[in-house]
Amino acid sequence: MKRLLSFCLIVFIALNVAACGNRREKYSSPNGENSIIVEYDAVSRPHVIYHGDVIWKYEGSGFNEEVYFNVEWVDEDTIKLIFNDESHQGKYYEEFEIDL
């Protein structure tokens with residue numbers, strides 16, 4: 001019985017880790033000249049990938065829930081990465097301007 005319980009616990013943990021894997025979102029510039037990938041780790045910290053290289057990483061401690069950052073193109077070579085937590089009336093608003 002202990003072995004079965006241990007096995008079930010290991011399977012449960014493995015499935016949770018797999019479900020919390022990296023999320024990836026692809027964005028293209030308005031004219032379609034550039035594209036980036038925003039990848040989130042297990043604690044929802046974003047990383048910006050351009051031409052296969054990580055060009056920016058979120059340096060904060062991460063989040064307790066699954067969050068998303070909005071991407072706005074300033075021009076073909078610049079983006080704004082915006083986090084606006086509406087549930088706290090903008091208390092945790094963050095904005096980063098990233099040059100490609």
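**Salt bridges and chain layout**

User: Arg-23: buried or exposed?

Analyst: In this predicted model, Arg-23 is buried, and its relative accessible area is 15%. The cut-off for a buried residue is under 20%, so a value of 15% places Arg-23 in that class.

User: Which residue forms a salt bridge with Arg-23?

Analyst: The partner of Arg-23 is Glu-66, and the closest N and O atoms of the two are 3.6 Å apart. Arg-23 belongs to strand 1 (residues 23-28), whereas Glu-66 sits in the loop between strand 4 (53-57) and strand 5 (70-75). The pair therefore ties together parts of the chain that are 43 residues apart in sequence.

User: And Glu-66, buried or exposed?

Analyst: Glu-66 counts as exposed, with a relative accessibility of 53%. The salt bridge thus joins a buried arginine to an exposed glutamate.

User: What does Arg-24 form a salt bridge with?

Analyst: Arg-24 forms a salt bridge with Glu-39, with 2.6 Å between the closest N and O atoms. Here too, distant parts of the chain are linked: Arg-24 is in strand 1 and Glu-39 is in strand 2 (residues 35-40), 15 residues apart.

User: Glu-39, then: buried or exposed?

Analyst: Glu-39 counts as buried, at 16% relative accessibility.

User: How many salt bridges are there in the whole structure?

Analyst: A search of the whole structure finds 4. One of them is formed by the side chains of Arg-45 and Asp-41, at 2.8 Å from N to O.

User: What about Asp-41, buried or exposed?

Analyst: Asp-41 counts as buried, since its relative accessibility is 15%. Its partner Arg-45 is partly exposed, with a relative accessible area of 27%.

User: New topic. How many helices and strands does the protein chain have?

Analyst: The protein chain contains 1 helix and 7 strands. Along the sequence, the order is α-β-β-β-β-β-β-β, with the helix leading and the strands following.

User: What share of the residues is buried?

Analyst: Of the 100 residues in the protein chain, 30% are buried.

User: What does the accessible surface come to?

Analyst: The accessible surface of the protein chain comes to about 7200 Å², and carbon and sulfur atoms account for 52% of that area.

User: Last one: what percentage of contacts is between residues 24 or more positions apart?

Analyst: Among contacts in the protein chain with a separation of 6 or more, 30% are between residues 24 or more positions apart.

Technical notes:
Residues are numbered from 1 along each chain as its sequence is written. This is a predicted model: local features need pLDDT of at least 70, side-chain atom pairs count only at pLDDT 80 or more; totals for chains, interfaces and linings use all residues. Side-chain values use heavy atoms; hydrogens and water are left out. Helices (H or I, at least four residues) and strands (E, at least two) are DSSP runs, numbered from the N terminus. Buried means under 20% relative accessible area, exposed over 50%, partly exposed in between (1.4 Å probe, protein chains only). Contact means heavy atoms within 4.5 Å. Accessible areas come from the Shrake-Rupley method with a 1.4 Å probe; for residues, only the protein chains shown count as cover.
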